[in-house]
Amino acid sequence: MELRNSLQLRISYQLYLLKTLPWGYIGTYRNQPAVFLTKDPNDPSVNSKNKKRYLLTREKGKLYSELVNKSQAANVEYERLMAEWKRMYKGNPTIVEFPLDSRLITGLSSEQFKIALPNQNTKENRNPIEYKGQLLRSKNELLGIQEIEKMGFDWKTEINITLMGLENIQMLFSID
């Protein structure tokens, strides 16, 4: 089972993909494989009545076939996630706008994240869980980190951050 916010975020991302990728299908044109576009966000003239087609033997055809396959996979994943949402929650999910601004989420620059050392919290951890060289405080934290890894993000737990060059102000962050 996924947490509510994680599920909303994944649904939002699939919707973002569906809005930005072209739609269509793979078929044949004059006995040659082709991709037919029925919607293209970059070309408003493309629609179900005014389709564009590209032969798969050409470079544009290969490119569009990959994009159409991605949009079809995003649609399947969106439908799966929405079915899971309806099974678990009432109402509609809150949609998060993409692309996300990484500075608004973490407040850290890439350089700060790279140099930050994990496991800096000095508070006693009675039941530590070691995962990939870092100490976690709960199984929920472990599950959250595994979801973050599935999405392709790097992570660190309990890093010590000095804000705005002030050495006396330090904050400890944890997913916990």
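Here is a walk through this predicted model, from its nonpolar cores to its strands and then to helix α5.

Let's start inside. The largest nonpolar core is built from 10 residues: L7, I11, L17, L18, L21, A74, Y78, L81, M82 and W85. Two helices, α1 (4-20) and α2 (59-88), each put at least two residues into this core. The top contributor is α2, which gives 5 residues. There's also a second core, separate from that one, with 6 residues, and V35, L37, Y64 and V68 are among them.

While we're at α1, have a look at S12, which sits in that helix. Is S12 buried or exposed? With a relative accessible area of just 1%, S12 counts as buried, because the cut-off for that is under 20%. And what does S12 touch, once its neighbours within four places in sequence are set aside? The contacts of S12 are then T94, I95, V96 and F98.

Now for the strands. β1 (residues 23-29) and β2 (residues 32-39) run antiparallel to each other and are paired over 7 bridges. The two make a hairpin, with 2 residues between the strands. One of the turn residues, R30, has a positive phi of about 55°. To trace the pairing by eye, find Y29, whose bridge partner in β2 is Q32, and then W23, which stands opposite K39 of β2. On to β3 (residues 52-55): this strand pairs with β2, again in the antiparallel sense, over 4 bridges. Here A34 is a handy landmark, standing opposite L55 in β3. When you look at side chains along these strands, keep in mind that in a regular strand they alternate between the two faces of the sheet.

The loop between β2 and β3 deserves a stop, since V46 is found there. V46 is buried, at 6% relative accessible area. Which residues does V46 contact, leaving out those within four places in sequence? The list is L37, T38, K39, D40 and K52. L37 may ring a bell: L37 is also part of the second core. Another pair to look up is V46 and P22, which are 24 residues apart in sequence, with their C-alpha atoms 9.6 Å apart in space.

Last comes α5, the helix covering residues 139-150. Its length checks out: at 1.5 Å a residue, 12 residues should span 16 Å, and the end C-alpha atoms are 17 Å apart, so the two agree. Which residues of α5 are buried? They are E141, L142 and I145. These three cover an arc of only 100° around the axis, so they lie on the same side of α5. That fits the general rule: an α-helix has 3.6 residues a turn, so residues three or four places apart point the same way. The buried residues of α5 pack against β4 (129-131) and β5 (134-136). Turn to the face of α5 that points away from this buried side and you'll find the exposed residues K139, N140 and K150. After α5 comes G152, with a positive phi near 90°.

Notes. Residues numbered from 1 in each chain as written. Predicted model: local features only at pLDDT ≥ 70, side-chain atom pairs only at ≥ 80, totals over all residues. Heavy atoms only, no water. Core = buried A, V, L, I, M, F, W, Y, C linked by side-chain atoms within 4.5 Å. Buried < 20%, exposed > 50% of the residue type's maximum accessible area, 1.4 Å probe, protein only. Expected span 1.5 Å × (residues − 1). Arc of directions from axis to C-beta. Contact = heavy atoms within 4.5 Å. Pairing = 2+ DSSP bridges.
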